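Got your viewer open? Load the model shown here and keep the selection box handy.

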Amino acid sequence: MSAIRFDNVWKEYGDHIVLERITLDVAPRAFVALVGPSGCGKTTFLRMLLGEETPTRGQILIDGYPMPSEPDADRGVVFQRYSVFPHLTVLDNVLLGRELQRSRLLGRLFGRARREATEQALALLDEVGLKGHEHKYPASLSGGMQQRLALAQAIMRGPKILLLDEPFGALDPGIRADIHVLMKRLWNETELTVVMVTHDLSEAFSLATRVIAFERSRNRPEERERYGATISRDLEIFPRRVAQPRTDHPIRSGRDDPAAQGA
Ligand SMILES: Nc1ncnc2c1ncn2[C@@H]1O[C@H](COP(=O)(O)OP(=O)(O)O)[C@@H](O)[C@H]1O
Ligand SMILES: [Mg+2]
């Protein structure tokens, strides 16, 4: 659960202005969908939130504090493809989420911590509908299953903010509908703040509590790089969270358990 503030953020690559004048307050536990034409800077926006890129002007605050300059476990991410590691089993991919949460160098889990993490990973796999597939490799899973696995891996890190970059864009419509139900439930049951990029407006409106559109205010080809995209629409959607967060949710129990965190 985290509040996000963008305070007049710009992102430029050399002379190319990608984003400009982004000022935005996101409430804790919001589900924001980000839409806009290809190339307008949606992924760049997410990468700044992840800490992979820094603004060239302005600043980003998380819960009132300047954002850490590197990615950490407080922010999890799922990309459209290839978020999971092909050489690790389904279970090990999820366990890796926990190991990454702990530490870059000393992340390996042993003994009791590993047993407890394994229990949580199995519960999470059950929750995302991958029970029985624990010992398979990602290549033998369908696209929808791989994205469920990527979600489980991201959530296993115990993030406060979940960043999704067109995570369901490559899936067939029927599978996408199923994963929407799952996504909604995960968001409902946890304290996650979600920021999801999508090119699918119906997906944006059916999942999000707020839909934000990026657009360039001027788009003449000869001045394309002189003006960045900025927020052109910002629609609050009727809040439809139905449940309080579950106190026994695998994510919460993961965060609250000192043994699992290697303390
Ligand atoms: N590392 C980079 N160096 C230079 N230009 C970049 C870099 N990353 C993104 N861009 C440019 O920023 C613009 C926005 O890219 P992106 O954020 O990927 O857009 P979107 O996700 O909305 O399709 C594009 O013109 C892209 O070429
Ligand atoms: Mg993109």
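We'll stop at the ligand and then at two helix pairs.

Some ground rules: this is a predicted model, where local features need pLDDT of at least 70, side-chain atom pairs count only at pLDDT 80 or more, and totals for chains, interfaces and linings use all residues. Residues are numbered from 1 along each chain as its sequence is written, chains are lettered from A and ligands numbered from 1 in the order in which they are written, and side-chain values use heavy atoms, leaving out hydrogens and water.

**Ligand 1.** Select ligand 1 and show what surrounds it: Tyr13, His16, Val18, and the run Pro37, Ser38, Gly39, Cys40, Gly41, Lys42, Thr43 and Thr44 (a residue counts if one of its heavy atoms lies within 4 Å). Now look for polar contacts, meaning pairs of N or O atoms within 3.5 Å. A backbone N or O atom of Cys40 sits 3.2 Å from a ligand 1 oxygen, and a polar backbone atom of Gly41 is 3.0 Å from an oxygen of ligand 1. For Thr43, pick the side chain: one of its polar atoms is 2.9 Å from a ligand 1 oxygen.

**α4 and α5.** Next, select residues 143–156 (α4) and 173–189 (α5); their axes come within 10 Å and cross at roughly 15°. So α4 and α5 are roughly parallel (angles under 35 degrees). Show Gly144, Gln147, Arg148, Leu151 and Ile155 on α4, in contact with α5 residues including Ile175, Asp178 and Leu182 (heavy atoms within 4.5 Å). Colour this contact by class and you get seven nonpolar, two polar and two charged residues.

**α3 and α4.** Keep α4 and add α3, residues 111–127: here the axes are 10 Å apart, at about 140°. That makes α3 oblique to α4 (neither under 35, over 145, nor 65 to 115 degrees). Which α4 residues does α3 meet? Leu149, Ala152, Ile155 and Met156, reached from Ala117, Gln120, Ala121, Leu124 and Leu125 of α3.

Note on methods. Axes are lines fitted to C-alpha atoms, for helices over the stretch in contact, and angles run from 0 to 180 degrees between N-to-C directions. Helices (H or I, at least four residues) and strands (E, at least two) are DSSP runs, numbered from the N terminus. Ala, Val, Leu, Ile, Met, Phe, Trp, Tyr, Cys and Pro count as nonpolar, Asp, Glu, Lys and Arg as charged, and the others, Gly among them, as polar. A polar contact is a pair of N or O atoms within 3.5 Å; within protein, one must be able to donate a hydrogen and the other to accept it, and residues adjacent in sequence count only if both atoms are side-chain atoms.
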